[in-house]
Amino acid sequence: METKPSIVEYYSEHGGYRCGYCNSSNTNYSHGMWAHSLTVQDYQDLIDRGWRRSGKYCYKPTLNVTCCPQNTIKCAVLEFKMNKSHKKLIKQINKYLIHGTKRERNSGDHETDSGTNDISCDEFQQFPSKTPSDIKMVPSTSSTNQLSSDQKANSKDTPTKTSSTTSSISVAGKKNATAEQKTKDQPQPGKGADPKLPPCKKAKQIRAEKKKEKLLKNTEQVHLQEKAKEPTEKTLEDFLNEPDKVENPAHKLEIKLVRTNPASEEYKSSFIESHSVFKKYQMAIHKEPASDCTKSAFTGFLVDSPLIESKKGDLPMGYGSFHQHYILDGKLIAVGVIDILPYCVSSVYLYYDPEYSFLSLGTYSALREMAFTRDLNKYAPNLKYYYMGFYIHSCHKMRYKGQYTPSFLVCPETYAWVPIEKCRPKLDATKYCKLDDNNTEDKDSKIDINKVLVLRNGEAMTYEIYRFENPRVKDEDEVLEYAKLTGKTCAERMLLFRQ
């Protein structure tokens, strides 16, 4: 159980900063909060209300003011379906890992593949019909005559008996043949032309019906066999695990989970290499000077975390902040920064060695993190979403997050989750809008300021008691603003630092 509470310092709305998406100056506005500590449940509730963290600093964009509104986006990973470009990307990376074939990137890197299937089905073949074995062929008249002549020829080789015996046999044979012929000519009881009974079927018709029945039975069996052989659709995991099934692949990719807060021994031993990759990435991709990529800047940005480690639940690694190391042939080439929370895996950042940009590690790591989330769901059934940060519809290069379906955006007014397909037309019309048409009630907006928890001089108390003990303090507006932005649940659970 988590015993240490969340402790935060709130900053009122601030802005006037340059926007990193449209590059406009003095247009980026948000509310801020420094988190000394945060339980994983509190942070889960905060990001569901539009907050995000960068290191220990948490911020919530002021969507109706800022130039590029940023809506929180999540993907339901259990229902996630890859599109053609996702499959193509993984196939190309698998080709590199298995055969060493390097993928060539070009300006049109979002092209789709031909759409052909990897597994082909055998065509259904009609089986040749055969004559049913239970239908006997009746000899023709010519065959009977031939048989009689053969019998006559054979009789010459048979020793003859006395004429009287021969004649008696002949007479008896004639009598028997005559009686047999009469029996055949006479109608049998119950088999005559009775108008009350259905007409007798001819032998040809009976044979045709039996043949049809047998063919139908064979066809049904073939259909059942083909259905059993039908290939099921390959899952995300099937694609990602393909190189692991090869005995001697050209390259070996390993993904290792490393806890960063509190710092694990694995993290400490890989710190220099991890920081080196970060520095290369920031300087090459974001054009930052080396002076901005120091170890302290790296630590404050992507290592320090306010999240309190939690072993509650059935997750083997517990909840909190982690790095995922992408190790290719023993070399660290990329690091995914993630938070594991009660209902989701939240993606914080990704940095990689620019030398391996041909692998499109941004998209590949997102797919990997989705597969990781689905794996965690086996231990924690409530953990079934992948949070991708912010979706920025007004910035075309940031719309790529909407291609992971099914995805949802949180409404900035009711905080209800809305399918992204319903949000796009509204965001096309205006940058900021209410996304929820159902007018869902935001129960967390009903704030009683007296119940907001504060921390003063190391002592936790309600705001009502705090104000009673400090009658000269006039901060009701700021505390109420804080409570509305964080929501009733968090405001009555977290401790707001007061001097």
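This passage describes a buried lysine, the cysteines, a strand arrangement around β13 and a glutamate in a predicted model.

The lysine K401 is located in the loop that connects β10, spanning residues 385-391, with β11, spanning residues 407-410. Although K401 is buried, no salt bridge is formed by this residue, and the nearest side chain of opposite charge, that of E369, is found 10 Å away. Polar contacts of the K401 side chain are instead directed at backbone oxygens: that of M388 is reached at 2.8 Å, and that of F390 lies 2.9 Å from a polar atom of the same side chain. When residues up to four places away in sequence are left aside, the residues touched by K401 are I73, M388, G389, F390, Y391 and S407; M388 and F390, which supply the two backbone oxygens, are thus among the residues in contact with K401.

With respect to the cysteines, the number of disulfides in the model comes to 0. C395 accordingly takes part in no disulfide, and the nearest cysteine sulfur, belonging to C68, is 6.1 Å away, a separation to be set against the cut-off of 2.5 Å that is applied to pairs of cysteine sulfur atoms. C395 is classed as buried because its relative accessibility is 8%, and C344, with a relative accessibility of 0%, is likewise counted as buried.

The strand β13, made up of residues 453-456, is paired with two other strands, β14 and β15. With β14, which covers residues 459-462, the pairing is antiparallel and extends over 4 bridges, whereas with β15, which covers residues 495-498, the pairing is parallel and extends over 3 bridges. R456 takes part in both arrangements, having E459 as its bridge partner in β14 and standing opposite R498 in β15. The hairpin formed by β13 and β14 has 2 residues between the strands, and within this hairpin N457 adopts a positive phi near 55°.

The loop that precedes β13, running from α11 (residues 420-429) to that strand, contains E441. Since its relative accessibility is 47%, E441 is assigned to the partly exposed class, for which the upper limit is set at 50%. The C-alpha atom of E441 is separated by 9.6 Å from that of E413, a residue 28 positions apart from E441 along the chain. E441 is thus partly exposed, in contrast to K401, which is buried.

Conventions. Residues are numbered from 1 along each chain as its sequence is written. This is a predicted model: local features need pLDDT of at least 70, side-chain atom pairs count only at pLDDT 80 or more; totals for chains, interfaces and linings use all residues. Side-chain values use heavy atoms; hydrogens and water are left out. Buried means under 20% relative accessible area, exposed over 50%, partly exposed in between (1.4 Å probe, protein chains only). Lys and Arg count as positive and Asp and Glu as negative; His and the chain ends are not counted. A salt bridge is a side-chain nitrogen of Lys or Arg within 4 Å of a carboxyl oxygen of Asp or Glu. A polar contact is a pair of N or O atoms within 3.5 Å; within protein, one must be able to donate a hydrogen and the other to accept it, and residues adjacent in sequence count only if both atoms are side-chain atoms. Contact means heavy atoms within 4.5 Å. Two strands pair if DSSP finds at least two bridges between them.
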